[in-house]
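Visitor: Could you walk me through this model, starting with how its parts meet and ending with its ligands?

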Amino acid sequence: MERILVIGASGQIGSELVPELRKIYGDENVYSTDLKEPAEEEKQLGPWAILDVLDTKRLVHFVIRHKITQIYHLAAVLSGNAEKIPLQAWHINMESLMNILDLAKEIPEITRVFWPSSIAVFGPTTPPDNSPQLTVTEPNTVYGISKIAGERWVEYYNQKYNLDIRSIRYPGLISYKTEPGGGTTDYAVEIFYEAIKNNKYECFLNENTYLPMMFMSDAVKATIDLMTADKEKLSVQSSYNVGGISFSPKEIYEEIKKHIPNFKISYNPDFRQAIADSWPASLDDSVAKKDWDLKYEIDIQKLTDIMLKGVKEKFA
Ligand code: NAD
Ligand code: AKB
């Protein structure tokens, strides 16, 4: 029987991944943990705890006490916030990962770990269109540097200690359940809230900034598909490219305008433009498709429909 620990579970991904894991493994076997308390209604749905991934002693104690067999480590400082507190972000992103990797090495009951990487591992010297799985990775952001270092450590631990740590380079994730935590792709969520609230949006990226994006249900499915795939089929021991769909602020604006004809957009790029400019416009994820049958269901039209409905319901 699997007993799953999700760290950083109250964030954008965790809040949607935990319910799906509970459907598979049983409510009582999935521990939702974060620095923050979950909402009251979430507390009734399964075990939860306040847990700081940097608190090594408590972490070890928690894992042993609850007989944890799999860890999903989602706590991190994202790209926009990381540029404001570079050393702190480096410390949080790296120390937390090293704590988890060492735990997996020391506690044999932990059989599998998930840790997300990002399109941020790529940099200005990466071929920007259809960036291959294996290519130049010279990120120039603190967040990207922490993710590429993380990927190297993941591969090292997998090979050196024969562990099973799996990872996806997520694109920008779009969802309405929990607001995103300070990244560069956050505009693609904010735009829906502002369209519904104010009929206008000032975008912090230029109109023609193309980035890879993905709706959360596809990201959660991809995560679970990777984590339940046969180990022998996995040819990548660091992190898999997952490309999703590629669009620009202008394109998502035009989709929203089909539903809200008087919606207006203006562009006022800030420091996040340079981050976005250093990332690819699209990724080649053929290796993930071949190894573990990666698939997507949500295109830009469906994504727009679902987001508008979801955000409207939230406001209602
Ligand atoms: P988020 O910021 O929404 O959530 C992170 C959660 O971690 C927060 O709830 C926060 O309270 C918690 N946390 C922070 N420090 C912690 C600590 N010391 N101990 C325990 N919990 C702590 O982030 P997210 O969007 O859910 O991202 C999860 C992971 O996926 C991160 O590693 C991120 O880099 C990666 N990722 C996210 C995206 C995206 O678009 N959301 C894209 C690529 C990669
Ligand atoms: C961010 O913009 O920082 C994240 C990511 C793509 O890693 N959404």
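Guide: Happy to: what follows is a short round of questions and answers on this predicted model.

Visitor: How far apart do the C-alpha centres of domain 1 and domain 2 lie?

Guide: Let's place the two domains before taking the distance. The domain assignment gives domain 1 as 4–171 + 214–241, while domain 2 takes in 173–213 + 244–281 + 297–315. Between their C-alpha centres the separation is 25 Å.

Visitor: Which three residues supply 29% of the area that domain 1 buries against domain 2?

Guide: The contact draws 33 residues from domain 1 and 27 residues from domain 2. Together the domains bury about 2,500 Å², with 62% of it on carbon and sulfur atoms. On the domain 1 side, the 29% share, more than any other three residues supply, belongs to Q12, M214 and F215.

Visitor: Which element gives the most to the side of domain 1 that touches domain 2?

Guide: Four elements each supply at least two residues to that side: α1 (14–25), α4 (79–84), β11 (211–215) and α8 (216–227). By residue type, that side of domain 1 divides into 15 nonpolar, 12 polar and six charged. With five residues, the element that gives the most is α4.

Visitor: How far apart are the closest N and O atoms of the salt bridge between E42 and K177?

Guide: Side chains of opposite charge can pair when their charged atoms come close. The interface of domain 1 and domain 2 has one salt bridge by the rule, alongside 15 residue pairs in polar contact. The rule's cut-off is 4 Å. E42 and K177 fall inside that limit, as their closest N and O atoms are apart by 3.7 Å.

Visitor: In which helix do E20 and K23 both lie?

Guide: The structure as a whole holds 18 salt bridges. One of the pairs joined by a salt bridge is E20 with K23, whose closest N and O atoms are 2.8 Å apart. These two residues are three apart, about one turn of the helix, and the helix is α1.

Visitor: Now for the ligands. Which residue has a polar side-chain atom 2.5 Å from an oxygen atom of ligand 2?

Guide: Start with the surroundings: ligand 2 has L78, S79, S118, I119, Y143, G183, T184, T185 and W279 around it. A polar side-chain atom of S118 lies 2.7 Å from a ligand oxygen, and a polar backbone atom of T184 lies 2.6 Å from a ligand oxygen. The 2.5 Å approach comes from the side chain of S79.

Visitor: And which residue has an N or O atom in its side chain 2.6 Å from an oxygen atom of ligand 1?

Guide: Ligand 1 is surrounded by 25 residues, the closest being Q12, D34, D52, Y143 and L173. I13 offers a backbone N or O atom 2.9 Å from a ligand oxygen, and a polar backbone atom of V53 lies 3.0 Å from a ligand nitrogen. Those two approaches use backbone atoms, so to speak to your question we turn to the side-chain approach at 2.6 Å, which is made by Y143.

Visitor: Which residue listed around ligand 2 is also named among the closest to ligand 1?

Guide: The list around ligand 2 includes S118, I119 and Y143. The closest residues to ligand 1 include D52, L173 and, again, Y143.

Key:
Residues numbered from 1 in each chain as written. Chains lettered and ligands numbered in written order. Predicted model: local features only at pLDDT ≥ 70, side-chain atom pairs only at ≥ 80, totals over all residues. Heavy atoms only, no water. Domains from an automatic or database assignment. Contact = heavy atoms within 4.5 Å. Buried area = accessible area lost by both parts, 1.4 Å probe. Salt bridge = Lys/Arg side-chain N within 4 Å of Asp/Glu carboxyl O. Polar contact = N/O pair within 3.5 Å; in protein donor to acceptor, adjacent residues only side chain to side chain. Nonpolar A, V, L, I, M, F, W, Y, C, P; charged D, E, K, R; others polar. Near = heavy atom within 4 Å.
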